[in-house]
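User: Could you take a close look at one part of this protein and follow its connections outward, step by step? I would like one connected account that I can read with the structure open beside me.

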Amino acid sequence: ITPFLSYIRYMEHQAWSQRRGESQSHVTLIASVRHEGHFMLHQELLAMEKCYPRHFRYVPVLTRSWPANWPFLTGRIIRTNMTQSGEEQVNLMPLLECIPDLSQSDLRVCGSVEACRQLRQGLRAENISPLTVRMESW
């Protein structure tokens, strides 16, 4: 998440706060972790979303466990299942609900090799081509 925080803080300082809303830039940060305690700077990002709602959206996602009162997304943002023939099928619907205009977006991803592979597979299957795609896997 730290490379994305650098982008967001730069945009906050250079475009959003100094130009008083004139900037057309928009960032949606989807942070997906297994457990609530794994989020980095969760409260800061929530506050930033409140401060710059036209420019910044923060989507925290918990994939393994979550409190009963968790108001955000749960489960994987990129879902998979096996077809009857044994092929993996990727379901991008949770992601597309967060970013419906994905084909008009610059996509930046940091995730596991498997998650990046599944995302590429899902984009191909749905015939979605973001403006640019950069993925960093670990």
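Analyst: A good place to begin is I30, whose bridge partner in strand β2 is V59. The model is a predicted one, and every value below was computed from it. That pairing belongs to a set of seven bridges that join β1 to β2, two strands that run parallel.

Seen more widely, the strands β1, β2 and β3 follow one another in that order in an open sheet of three strands with parallel pairing. Because β1 (27-33) and β3 (73-74) have a single partner strand each, they stand at the edges, and one side of each is left without a neighbour in the sheet. Helix α2, which covers residues 42-51, packs on this sheet and touches both β1 and β2, its direction making about 145° with that of β2. On the other side of the pairing scheme, β2 (residues 56-62) is joined to β3 by two bridges, and these strands also run parallel. One residue to look for here is L62, which has T74 in β3 as its bridge partner.

Returning to β1, its residues divide between two faces: V27, L29, A31 and V33 make up the covered face, whereas T28, I30 and S32 make up the uncovered one. S32, a residue of strand β1, has a relative accessible area of 39% and therefore counts as partly exposed. Once neighbours within four places in sequence are set aside, the contacts of S32 are with V61 and T63. A residue much further along the chain also comes into view at this point, since the C-alpha atoms of S32 and R76 are 7.8 Å apart in space with the two positions 44 residues apart in sequence.

The covered face can be followed into the loop between β1 and α2, where F39 is found. F39 has a relative accessibility of 11%, and it counts as buried because that value is under the 20% cut-off. Apart from neighbours within four places in sequence, F39 is in contact with A31, V33, Y58, P60, V61, L62 and W70, and two of these, A31 and V33, are on the covered face of β1. The C-alpha atoms of F39 and V61 are separated by 9.4 Å, although the residues are 22 apart along the chain. The loop between β1 and α2 also holds L41, whose phi is positive, at about 55°, although L41 is not a glycine. With a relative accessibility of 35%, L41 counts as partly exposed.

The uncovered face leads in another direction, to the largest pocket. I30, listed on the uncovered face of β1, is one of the residues that lie nearest the centre of this pocket, together with F4, R108, V109 and C110, out of a lining of 41 residues. The elements that contribute two or more residues to that lining are α1 (2-16), β1, α3 (93-98), β6 (106-111) and α4 (113-126). Among them, β1 gives the most, with seven residues. The volume of the largest pocket is about 1600 Å³, and its lining comprises 26 nonpolar, nine polar and six charged residues.

Of the residues nearest the centre, R108 deserves a closer look. R108 sits in strand β6, and its relative accessibility of 34% means that it counts as partly exposed. Leaving out neighbours within four places in sequence, R108 is in contact with F4, T132, V133 and R134; F4 is itself listed among the residues nearest the pocket centre. By contrast with these contacts, P94 is 14 residues from R108 in sequence and lies 17 Å from it in space, C-alpha to C-alpha.

To draw the thread together, β1 is an edge strand of the open sheet, is joined to β2 by seven bridges, and gives the most residues to the lining of the largest pocket.

Definitions and conventions: Residues are numbered from 1 along each chain as its sequence is written. This is a predicted model: local features need pLDDT of at least 70, side-chain atom pairs count only at pLDDT 80 or more; totals for chains, interfaces and linings use all residues. Side-chain values use heavy atoms; hydrogens and water are left out. Two strands pair if DSSP finds at least two bridges between them. Helices (H or I, at least four residues) and strands (E, at least two) are DSSP runs, numbered from the N terminus. Contact means heavy atoms within 4.5 Å. Axes are lines fitted to C-alpha atoms, for helices over the stretch in contact, and angles run from 0 to 180 degrees between N-to-C directions. On a 1 Å grid over the protein atoms alone, a cavity is a set of points where a 1.4 Å probe fits but cannot get out, and a pocket is an open set with protein on both sides within 12 Å along at least five of seven lines; lining residues have an atom within 4 Å of a point. Grid points are joined across faces, edges and corners, and a volume is the space filled by probe spheres set on the points. Ala, Val, Leu, Ile, Met, Phe, Trp, Tyr, Cys and Pro count as nonpolar, Asp, Glu, Lys and Arg as charged, and the others, Gly among them, as polar. Buried means under 20% relative accessible area, exposed over 50%, partly exposed in between (1.4 Å probe, protein chains only).
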